[in-house]
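Please read the following paragraphs with the sequence and the model side by side. They go from the chain as a whole to its cores, then to a pocket and a single residue.

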Amino acid sequence: VDQETEETNDVNDVVSLSSNTSLLPLTTIPSASTTIPCSSVSSTISSSSTSILKRKQSSIASFLPRKMTPDRKKCVDNALLNMIVTDFQPFKIVEDTGFKQFVNLLNPNYCLPTRQAISKTLIPLEYQKCIAKVEDLITNEADNVCLTTDCWTSRCNESYIAVTAHFVNKDFILKSVLLECSEFSERHTAVNLSDEIRSIITKWKLEAKVVLVVSDNASNIKNAIHKLHLKHLGCFAHTINLVVEESLKCESDLINKVKTIVTHFRKSTIAHKILEKNQINSGINEPRKLIQAVSTRWNSVYYMLERIVSLEKPVRASLGLLENPPSSLTTIEWTIVKELCIVLKPFESATKVVSGENYMTASMILPIVNGLLEVCHKMKSKTFDPRIHEVIKNLLSAMANKNSWGNIYHSKTLAKCTFLDPRFKNLLFPSNSNLSENTKNEIVDDVTNIIKKIKSNNIEDSSHSVEHQHSVTTEADEFSIWGTLNVHTSQSRPTNTSRSRAILEVQNYLDDVLVPRSKDPLE
């Protein structure tokens, strides 16, 4: 009786097995220490044994880690590869003691792949899968593509070339895929570059799809693209950088002086600690480092000047505490540096806008050019230092004389892009009515060709339909009251031409309300 009662006490729920059996709460089950007649206990147990479902005791095997299945291991391996690729982790991370301990704590049954297995088996396998996905994407979604290409040299003095394809799919979603990023050990001549780009285009079967290639303004890459008989467009961000560099030549001594100060604080541990302490004393909770200008990085001069201006008081105080400090800026030079930041700020903003990766930028070039010219003319009327006015004059001169900048307004591609952007349309062409009208006519011609193509396809489909209708016509239809009307209906054609429809479409587009500049024009 005591054994039966103890087992019953472990039951958490009381389940009714029939409509005639009443629920027996746990509080009514007698404990082992209660003294009751045997007959009563016997009757209680017998009546409740049929109505109580005992909980099955867990086996010890359920508390042991289960062996990892091949599918689960493959899933974890893929997650490991994704971590290595996404975070640029070295393959040897799988050999690090701390990482092994961490993985073992998560799942002792998971066996990490070796570094050799990752580099020679898993990564090449995933690479082939990625290649197949990109090929399928380009084949099925890319009707026309724009290529961007660039060459650079790594810190290990190794030369690389990269080519990326950009296109808008049928759902009006902008896509970008990296086609190639490989070492390029040949001399960077126009012939060698054109051969490399041609091989990449052929590899991805893009011979009939490339409509434009964007690169920097170096003569070798421009000539290489022309050798391929492809339309070329210079990188506008690179053009802005060239204009700014040329305009700042008159202040090269001041900029070099600032570079010397920055270099001293970045290389000297003592100077760095003093600057950090002075920042804290000035109320800066998170001390910042000075930024050094690098010739190959866009806007780096602006970022250097902006940072040293924001830390003017700590920098001045720190220079006064150093034993052999570099030459400090004079009061006039500090003023000039501050005003240079004001002048260079619009160019930094323009560079950031046209360097975007997740939105289209070609349609924004003409608006940005107009904006920069307008801002520079406004700055001419401000009371800046005469040296700053010289910089502004140089900027306007560089924008007027630079071949790549001056040809922007002659680019039909850029004009069409801006015209077809619902945020701008023909809003930017009031000062050049000829450019606006010419661009509109070219777009009307393009729309006309599209309509003609659609019409030709529809006529082919309708001709097949008419032939089918005549084949099923019976003698009884000859006396139908709708016979003549059906003949005229089948033979009628729209009286308006394809061009008139195109003109109407373009005009309706222009009459529509402009989309806010913050919106995506593809939505």
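Of the 523 residues in the chain, 32% count as buried. The model is a predicted one. Its secondary structure amounts to 20 helices and 5 strands. Among contacts in the chain with a separation of 6 or more, 64% are between residues 24 or more positions apart.

The interior can be taken up next. The largest nonpolar core has 59 residues, and Phe236, Phe265, Val315 and Trp405 are those with the most contacts inside it. The element that gives the most to this core is α13, with 10 residues. Domain 2 (142-234) and domain 3 (241-410) each supply at least three residues to this core. A second core, separate from this one, has 28 residues, including Ile138, Val163, Ala190 and Ile200.

Phe265 serves as an example from the largest core. What does Phe265 touch, not counting residues up to four places away in sequence? Its partners are Ala271, His272, Leu275, Leu290, Val315, Ser318, Leu319 and Leu322. One of these partners, Val315, is itself listed with Phe265 among the residues with the most contacts inside the core.

From the cores, turn to the second largest pocket. The volume of this pocket is about 640 Å³. Its lining is made up of 17 residues, and Val85, Glu126, Tyr127, Cys130 and Leu178 lie nearest the centre of the pocket. Three elements, α3 (70-86), α5 (115-141) and β3 (174-183), are those that give two or more residues to the lining. Which element gives the most to the lining of this pocket? That element is α5, with 8 residues.

The last stop is a single residue in a loop. Ser363 lies between α13 (331-354) and α14 (365-380); α13 is also the helix that gives the most to the largest core. Is Ser363 buried or exposed? Its relative accessible area is 6%, and because buried means under 20%, Ser363 counts as buried.

Which residues surround Ser363, leaving aside its neighbours within four places in sequence? Ser363 is in contact with Cys417, Thr418, Asp421, Arg423 and Phe424. With Asp421 there is also a polar contact, in which the side chains of Ser363 and Asp421 are joined at 2.6 Å. Ser363 is thus a buried residue in a loop, with a side-chain polar contact to Asp421.

Note on methods:
Residues are numbered from 1 along each chain as its sequence is written. This is a predicted model: local features need pLDDT of at least 70, side-chain atom pairs count only at pLDDT 80 or more; totals for chains, interfaces and linings use all residues. Side-chain values use heavy atoms; hydrogens and water are left out. Helices (H or I, at least four residues) and strands (E, at least two) are DSSP runs, numbered from the N terminus. Buried means under 20% relative accessible area, exposed over 50%, partly exposed in between (1.4 Å probe, protein chains only). A polar contact is a pair of N or O atoms within 3.5 Å; within protein, one must be able to donate a hydrogen and the other to accept it, and residues adjacent in sequence count only if both atoms are side-chain atoms. Contact means heavy atoms within 4.5 Å. A nonpolar core is a set of buried Ala, Val, Leu, Ile, Met, Phe, Trp, Tyr and Cys residues joined through side-chain atoms within 4.5 Å. Domain bounds come from an automatic or database domain assignment. On a 1 Å grid over the protein atoms alone, a cavity is a set of points where a 1.4 Å probe fits but cannot get out, and a pocket is an open set with protein on both sides within 12 Å along at least five of seven lines; lining residues have an atom within 4 Å of a point. Grid points are joined across faces, edges and corners, and a volume is the space filled by probe spheres set on the points.
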